[in-house]
Amino acid sequence: MYAKSKSVSKVRSLILIGILNAILMVLVTILGIAFGLIPVTGLLLPAIIAIPGGIVVMLMVAKAPIRGVFIITGILLGSFMMLVGDMPILTICTIVGGILAEAVFELMGRTKFIAGAISYTILMVGYAVGAYTPMVFMKEAYIDFKTSRGMDPAFYDKLLSMVNLPVFIAALVVTAIAAYAGSLWGRKMLRKHFTKAGIV
């Protein structure tokens, strides 16, 4: 009976993870449309996504903290980004970020808020690495990839003119800060769920 109850609970958690990841993808799409078409805000898009994304992921951690939650999120988010027209490196880095995030979540303790917050930060930094790496180290391939999908080359010329190695590093730091801030915002909004889940 216990094994059956545990199995049902895991299935429910997986369904919830799927639903919350779908919400996260909708959020990414809306913010991408709202901010991604302007070079300056487009450059900061991973950090912009990381703030409200923290609410979704912190709810996921509170309500479905099963093993693999960050790996699943990394795979789903990374695959979604490739489907909507991003380079495969973004998918790879997001999945790697999810794997590292899961390892940290396990090592630090799955019932600790700080573990969830740092793990989410790692996931979003992985996403940001995948987003920025082509802009800095693969500029020609990046423009060719985007323009082959009907994107405006003038937009990407302007975007890439703002990106270099120091900007790359600064953008990763800003994304990390934004992700952690998003986690704090998520905990504040979802305090009742954290209390019920016994997360401290």
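Rings of Phe, Tyr and Trp, the last taken by its six-membered ring, count as a pair if their centres lie within 6.5 Å. The legends below use that meaning for a structure that is a predicted model.

**Figure 1. Overview of confidence in the predicted model.** The protein has an average pLDDT of 90, and 92% of the residues score at least 70. Confidence is highest in helix H5, residues 88–108, at a mean of 97, and lowest in helix H10, residues 191–197, at a mean of 66. Where pLDDT is low, the predicted coordinates should not be read in detail.

**Figure 2. Close-up of helices H4 and H5, whose axes come within 7 Å.** Two packed helices are described by the angle between their axes and the distance between the axes. For H4 and H5 the axes cross at roughly 170°, and because this angle is over 145 degrees, H4 counts as roughly antiparallel to H5. By class, the contact of H4 with H5 has 13 nonpolar, six polar and one charged residues. On the H4 side, the residues that take part include Val69, Phe70, Ile71, Gly74 and Ile75, together with Leu77, Gly78 and Ser79. On the H5 side, the residues that they meet include Pro88, Leu90, Thr91, Thr94 and Ile95, as well as Glu102 and Phe105.

**Figure 3. Close-up of the ring pair formed by Phe70 and Phe105.** A search of the whole structure finds four aromatic pairs, and one of them joins the rings of Phe70 and Phe105. A pair of aromatic rings is described by the distance of the centres and the angle of the planes. Here the centres are 5.2 Å apart and the planes stand at 85°, so the pair is edge-to-face. The pair links distant parts of the chain, with Phe70 in helix H4 and Phe105 in helix H5, 35 residues apart. Phe70 is buried, with a relative accessible area of 1%, and Phe105 is buried as well, with a relative accessible area of 0%.

**Figure 4. Close-up of the aromatic cluster of Tyr142, Phe155 and Tyr156.** Ring pairs link these residues, Tyr142, Phe155 and Tyr156, into a cluster. Within the cluster, Phe155 and Tyr156 form an edge-to-face pair, 4.9 Å from centre to centre and with 90° between the planes. Phe155 has a relative accessible area of 16% and counts as buried, while Tyr156, with a relative accessible area of 9%, is also buried.

**Figure 5. Close-up of Thr73 in helix H4.** Thr73 belongs to helix H4, which spans residues 69–83, and has a relative accessible area of 1%, so it counts as buried. Leaving aside residues up to four places away in sequence, Thr73 touches Asn21, Leu24, Met60 and Leu123.

**Figure 6. Close-up of Gly130 in helix H6.** Gly130 lies in helix H6, which covers residues 113–137, and is buried, at 2% relative accessibility. Apart from residues up to four places away in sequence, Gly130 touches Ile89, Leu90 and Cys93. The C-alpha atoms of Gly130 and Cys93 are 5.0 Å apart in space, although these two residues are 37 residues apart in sequence.

**Figure 7. Close-up of Ser183 in helix H9.** Ser183 is part of helix H9, residues 165–189, and at 0% relative accessibility this serine counts as buried. With residues up to four places away in sequence not counted, Ser183 touches Gly54, Met58, Phe113, Ala117 and Tyr120.

**Figure 8. Close-up of Leu190 in the loop between H9 and H10.** Leu190 is found in this loop and counts as buried, at 11% relative accessibility. When residues up to four places away in sequence are not counted, Leu190 touches Ile55, Met58 and Leu59. Leu190 and Leu59 are 131 residues apart along the chain, and their C-alpha atoms are separated by 6.9 Å.

**Figure 9. Close-up of Ile23 in helix H1.** Ile23 lies in helix H1, which runs over residues 2–35. This isoleucine has a relative accessible area of 43%, and because that value falls between 20% and 50%, Ile23 counts as partly exposed. From C-alpha to C-alpha, Ile23 and Ile89 are 23 Å apart in space, and in sequence they are 66 residues apart.

Key: Residues numbered from 1 in each chain as written. Predicted model: local features only at pLDDT ≥ 70, side-chain atom pairs only at ≥ 80, totals over all residues. Heavy atoms only, no water. Helix = DSSP H or I, 4+ residues; strand = E, 2+ residues; numbered from the N terminus. Buried < 20%, exposed > 50% of the residue type's maximum accessible area, 1.4 Å probe, protein only. Contact = heavy atoms within 4.5 Å. pLDDT = per-residue confidence, 0-100. Axes fitted to C-alpha atoms, helices over the stretch in contact; angles between N-to-C directions. Parallel < 35°, antiparallel > 145°, perpendicular 65-115°, else oblique. Nonpolar A, V, L, I, M, F, W, Y, C, P; charged D, E, K, R; others polar. Phe/Tyr/Trp six-rings, centres within 6.5 Å; stacked < 30°, edge-to-face > 60°.
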